[in-house]
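Work through these exercises with the structure in view. Try each task before reading its solution.

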Amino acid sequence: FALDNISNGILAAIAIIALISPIATTLINNSHESKMKQIEQKQQMYQLNTIHKRELCEEYLKLLADSARGVPNGSLKLMEKYYVLLPYIPQKFGKTFGDFTLKMANIHLDNKPLTTDDSIALTEIINIIREQIEPK
């Protein structure tokens with residue numbers, strides 16, 4: 001009689017585990033899949049943001065060159081791109097960026113070549129841009 005009770009108990013435990021096991025496996029798989037989707041979405045957003053910033057920065061640098069060459073409307077386009085790019089530039093570099101952009105927007109009016117300080121500022125601007133678009 002005691003052996004039957006033990007056998008029945010073991011059978012009942014196996015039956016309960018057999019019922020619970022697929023449910024637990026499904027819950028674990030769903031949780032893992034949800035976390036993987038979140039990671040993929042974050043990665044995709046990061047990639048899209050990086051591409052967007054890169055395109056803005058490349059256009060800004062192109063417009064810097066256009067403005068320096070005196071391309072018609074180059075200065076206006078440069079200033080427009082500066083304001084579009086500004087939210088992506090660290091605040092501590094905002095003044096440097098703004099001062100240099102304004103100088104470059106007006107360089108053809110001054111009819112003066114770039115100074116050593118301008119070249120240093122340009123190098124700093126390029127380094128700021130590089131820091132913003134390179135993967136971390």
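**Exercise 1. Classify Glu134 and its partner Arg130 by exposure, then describe their contact.**

Solution. This is a predicted model, and every value here is computed from it.
- Step 1: Take Glu134. Its relative accessibility is 42%. Buried means under 20% and exposed means over 50%, with partly exposed in between. Glu134 therefore counts as partly exposed.
- Step 2: Take Arg130. Its relative accessibility is 38%, so Arg130 is partly exposed.
- Step 3: Look at the contact. Glu134 and Arg130 form a salt bridge, and their closest N and O atoms are 4.0 Å apart.
- Step 4: Place this pair in the wider count. The whole structure has five salt bridges.

**Exercise 2. Explain how Asp66 and Lys62 are placed in helix H1.**

Solution.
- Step 1: Find the contact. The side chains of Asp66 and Lys62 meet in a salt bridge, at 2.9 Å from N to O.
- Step 2: Use the sequence. Asp66 and Lys62 are four residues apart in helix H1, so about one helical turn separates them.
- Step 3: Check the exposure of each partner. Asp66 has a relative accessible area of 10%, so Asp66 is buried. Lys62 reaches 45% and counts as partly exposed.

**Exercise 3. Which helices hold Lys103 and Asp118?**

Solution.
- Step 1: Start with the contact. Lys103 and Asp118 form a salt bridge through their side chains, at 3.4 Å from N to O.
- Step 2: Locate the partners. Lys103 lies in helix H3 (residues 94-110) and Asp118 in helix H4, so the pair ties together parts that are 15 residues apart in sequence.
- Step 3: Compare the partners with the cut-offs. Lys103 has 34% relative accessibility and counts as partly exposed. Asp118 has 7% and counts as buried.

**Exercise 4. Find the buried side of helix H4.**

Solution.
- Step 1: Check the length. H4 (residues 116-133) has 18 residues. From first C-alpha to last, H4 reaches 26 Å, close to the 26 Å expected at 1.5 Å a residue.
- Step 2: List the buried residues of H4. They are Asp118, Ala121, Ile125, Ile128, Ile129, Gln132 and Ile133.
- Step 3: Look around the axis. These residues cover an arc of only 120°, which puts them on the same side of H4.
- Step 4: Turn to the face directed away from that buried side. This face carries the exposed residues Thr116 and Ile120.

**Exercise 5. Repeat the analysis for helix H2.**

Solution.
- Step 1: Check the span. H2 (residues 74-85) has twelve residues, which should span 16 Å at 1.5 Å a residue. The end C-alpha atoms of H2 are 16 Å apart, which agrees.
- Step 2: Collect the buried residues of H2. These are Gly74, Ser75, Leu78, Met79, Lys81, Tyr82 and Leu85.
- Step 3: View them down the axis. The buried residues fall within an arc of 165°, so they line one face of H2.
- Step 4: Name the exposed residues on the face turned away from the buried side. They are Leu76 and Tyr83.

**Exercise 6. Describe the surroundings of Ile6, then of Lys35.**

Solution.
- Step 1: Place Ile6. This residue belongs to helix H1. Its relative accessible area is 51%, so Ile6 is exposed.
- Step 2: Add its neighbours in the patch. Ile6, Ile10 and Ile14 form a nonpolar surface patch, with about 300 Å² of accessible area together.
- Step 3: Move to Lys35. Lys35 also sits in helix H1 (residues 2-69). With a relative accessible area of 53%, Lys35 is exposed.
- Step 4: Relate Lys35 to Leu86. They are 51 residues apart in sequence, and their C-alpha atoms are 34 Å apart in space.

**Exercise 7. What are the overall dimensions of the chain along its principal axes?**

Solution.
- Step 1: Count the elements. The chain has four helices and zero strands. Along the sequence, the pattern is α-α-α-α.
- Step 2: Read the spans. The C-alpha trace covers about 110 × 25 × 15 Å along its principal axes.
- Step 3: Compare with a compact globule. A globule of 136 residues would have a radius of gyration near 14 Å, but the chain has 31 Å.
- Step 4: Test a long separation. Lys112, in the loop between H3 and H4, is 96 residues from Ile16 along the chain. Their C-alpha atoms are 86 Å apart.
- Step 5: Finish with burial. Of the 136 residues, 24% count as buried.

How values were computed:
Residues numbered from 1 in each chain as written. Predicted model: local features only at pLDDT ≥ 70, side-chain atom pairs only at ≥ 80, totals over all residues. Heavy atoms only, no water. Helix = DSSP H or I, 4+ residues; strand = E, 2+ residues; numbered from the N terminus. Buried < 20%, exposed > 50% of the residue type's maximum accessible area, 1.4 Å probe, protein only. Expected span 1.5 Å × (residues − 1). Arc of directions from axis to C-beta. Patch = residues over 30% accessible without salt bridge, like charges linked within 9 Å, V, L, I, M, F, W, Y side chains within 5 Å. Areas by Shrake-Rupley, 256 points an atom, 1.4 Å probe, with all protein chains shown as cover. Rg over C-alpha atoms; globule rule 2.2 N^0.38 Å.
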